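Hi everyone, thanks for making the time. I'd like to walk you through one structure today, strand by strand and then helix by helix. Let me put it up on the screen.

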Amino acid sequence: MNFGPERARGLMTVWPALAGAAQAASIAMPGSGQAQGWLQVLSLAVLAAGLSRTARAHADHAKSMLLKRAAWQGSVFAAVWLAGCFWWLYVSMHDVGGLPAPLAVLAVVALAAAMSLFYALACAVWAGLSRHRVWGARPWGLSVLFAATWTLAELMRGQWFTGFPWGAGGYAHVDGVLAVWAPWVGVYGMGAIAAALAMRLALAGVGWRAAKTLMGVGALSWALQAWVPAFTTSAGVGQVELLQANISQNTKFDAGSGIRDALQWYDARLRESQQPLVVTPETAIPLLPRHLPEGYWAGLQQHFAQAGRPLALVGLPLGSLSEGYTNSVLALGPQALQGPGAYRYDKSHLVPFGEFIPPGFVWFVRQMQIPLGDFRSAGPEQPAIEWQGQRLAPNICYEDLFGEELAIRFKDPATAPTALVNVSNIAWFGDTLAIDQHLNISRLRAMELGRPMLRATNTGATAIIDHQGRVTDQLPRFTRGSLVGRYEGRHGLTPFARWASAWGLWPLWGLCCAVLGWAFLRRQRP
């Protein structure tokens with residue numbers, strides 16, 4: 001059936017948009033299970049099938065037309081997928097920040113469109129090389145090539161311009177068949193496997209070849225499952241109390257209500273805790289210590305300095321105008337942990353527009369009436385704190401998106417963390433899917449690194465996650481209270497922790513670039 005040019009252009013927009021929406025649903029919607037992982041693969045397979053059809057249809061036409069159409073399909077798919085994953089940024093900009101609704105919508109769309117360019121490039125490169133009958137157009141060769149180009153796009157989005165990897169394809173598989181690959185290759189490697197599988201299914205079509213592909217992936221994943229527990233061993237069981245004050249972001253910095261409420265509630269809960277470890281969310285104490293009511297901070301320090309008191313990890317801002325400000329976690333505990341040698345963790349990976357202002361965007365920030373900080377970034381190689389046989393490694397909110405940065409602390413197995421502690425404040429985004437997405441992000445970090453993740457958040461999801469990514473305890477979101485539970489620290493390193501701590505994500509970059517280079521050298525004239 002032949003379509004006119006305008007109808008053909010419309011179809012080239014509609015089907016990638018629908019596939020992109022399905023991709024977003026597989027990652028962003030709450031819930032878990034095998035279905036979300038398969039939805040991610042199948043939605044990407046729709047894009048792959050469209051790209052393959054475009055490459056075949058334009059094999060004898062001008063190369064520029066092929067590249068343009070492939071790039072358009074990839075960009076539409078990615079823009080819808082990404083906007084569907086982080087549309088809740090609108091809430092922080094409009095509902096909290098007071099940015100006019102049209103500008104807030106435009107900002108979300110512009111961010112998704114800008115990031116979609118990475119995927120447009122990936123699709124154009126794949127289509128261009130497939131046109132040259134790379135590997136004789138063998139299905140698995142084209143599938144590996146697609147995985148390489150797609151993964152390079154994911155890596156560019158996740159690392160360039162400070163990186164924003166939220167909604168990466170691998171997160172759809174936190175409860176799926178491909179979850180077993182997390183401790184081996186991490187979230188980007190999982191996404192690469194899914195991309196190769198998607199293209200292979202697209203090229204195989206519906207039939208026995210597709211069924212064999214699915215069975216093969218399932219069998220290999222099942223075989224790997226028996227290996228996972230051997231990577232780590234128990235470092236003992238600890239008790240923890242995680243605090244959740246449920247303070248609205250609209251009142252958090254209000255001196256007449258939010259600040260007073262936070263100071264009173266956290267002071268009471270910290271002093272009353274009977275657990276060996278108690279953790280507050282990010283900036284639970286919203287003021288610098290010197291700006292707190294007289295005697296407040298000194299009183300907390302004195303309380304925890306007494307013998308037999310627990311260790312408290314407290315989120316608050318630190319610093320001064322001259323030395324710079326930091327978003328930090330400070331330890332309160334026995335006298336040895338206080339004073340000049342007090343344990344302190346300063347956030348390393350800052351949030352653009354939230355914790356620092358990118359050059360040239362002061363005008364945008366001025367449109368929002370929220371207390372945006374211009375914090376100083378600390379280095380990623382900060383030590384863990386040792387407490388009762390455990391080594392606890394804090395990370396603050398957005399930082400747990402970057403597994404390769406958390407892995408830096410695993411360079412030396414003798415000092416590697418036995419447990420990870422995430423303190424967050426997702427109140428910026430209201431009662432949205434951001435809470436569920438961030439929980440799954442933390443779960444995947446636990447799976448990659450083989451460590452439990454203790455999450456203390458302001459509004460949710462406050463939870464204890466074991467080293468296999470399972471949520472063992474969780475506090476109801478948007479409630480005030482504390483979560484008391486047990487966690488098991490772990491010794492030993494997963495394969496991902498070993499190679500990512502030594503080389504970061506460079507092995508993935510190198511492997512994908514090698515595949516592209518090999519394909520380029522083997523290209524033939526159409």
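Let's start with a hairpin pair: E3 and E4 are antiparallel neighbours, joined over 9 bridges. Strands pair, in the sense used here, if DSSP finds at least two bridges between them. Helices (H or I, at least four residues) and strands (E, at least two) are DSSP runs, numbered from the N terminus. The connection from E3 to E4 is a hairpin of 3 residues.

Before I go on, a word on what you are looking at. This is a predicted model, in which local features need pLDDT of at least 70 and side-chain atom pairs count only at pLDDT 80 or more, while totals for chains, interfaces and linings use all residues. Residues are numbered from 1 along each chain as its sequence is written, and side-chain values use heavy atoms, with hydrogens and water left out.

Back to the hairpin. Which residue of E4 stands opposite Pro317? That is Asn327. Leu316 faces Ser328 in E4, and Ser328 in turn stands opposite Asp346 in E5. E4 and E5 run antiparallel and are joined by 3 bridges.

On the other side, E3 (residues 311-320) pairs with E2 (residues 277-279), this time in the parallel sense, over 3 bridges. Here Leu277 stands opposite Leu311, and Val278 has Ala312 as its bridge partner in E3. As a general reminder, strands of a sheet pair through backbone hydrogen bonds, either parallel or antiparallel.

Zooming out, 6 strands make up this open sheet, in the order E5-E4-E3-E2-E1-E12, with mixed pairing. At the edges, pairing on one side only, are E5 (344-346) and E12 (481-491). Averaged over the sheet, neighbouring strands are turned by 35° against each other, direction ignored. For angles in general, axes are lines fitted to C-alpha atoms, for helices over the stretch in contact, and angles run from 0 to 180 degrees between N-to-C directions.

How much of E3 is buried? 10 of its 10 residues are, so E3 is largely enclosed by the rest of the structure. Buried means under 20% relative accessible area, with exposed over 50% and partly exposed in between (1.4 Å probe, protein chains only). Leu311, Leu313, Gly315, Pro317 and Gly319 point one way from E3, while Ala312, Val314, Leu316, Leu318 and Ser320 point the other way, and all are buried. E4 is mostly covered too, with 8 of its 9 residues buried.

Now for the helices on this sheet. H9 (residues 258-272) lies across E1 (233-244), E2, E3 and E12, and runs at about 140° to E1. H10 (residues 296-305) also packs on the sheet, where it touches E2, E3 and E4 (324-332), and its direction makes about 35° with that of E4. Contact means heavy atoms within 4.5 Å.

Next, a helix pair. The axes of H5 (residues 101-131) and H6 (residues 139-159) come within 9 Å and cross at roughly 160°. That makes H5 roughly antiparallel to H6; angles under 35 degrees count as roughly parallel, over 145 as roughly antiparallel, 65 to 115 as roughly perpendicular and the rest as oblique. The residues of this contact divide into 14 nonpolar, 2 polar and 2 charged. Ala, Val, Leu, Ile, Met, Phe, Trp, Tyr, Cys and Pro count as nonpolar, Asp, Glu, Lys and Arg as charged, and the others, Gly among them, as polar. On the H5 side they include Phe118 and Trp126, and on the H6 side Phe146 and Trp150.

H5 has another partner. H2 (residues 34-57) and H5 have axes that come within 9 Å and cross at roughly 45°, and that makes H2 oblique to H5. Leu47, Leu51, Ser52 and Ala55 of H2 meet Cys123, Trp126 and Ser130 of H5. By type, those residues are 5 nonpolar, 2 polar and no charged.

Finally, the whole protein: it has 15 helices and 12 strands, and 57% of its 526 residues are buried. Among contacts between residues at least 6 apart in sequence, 73% join residues at least 24 apart. Thanks, everyone!
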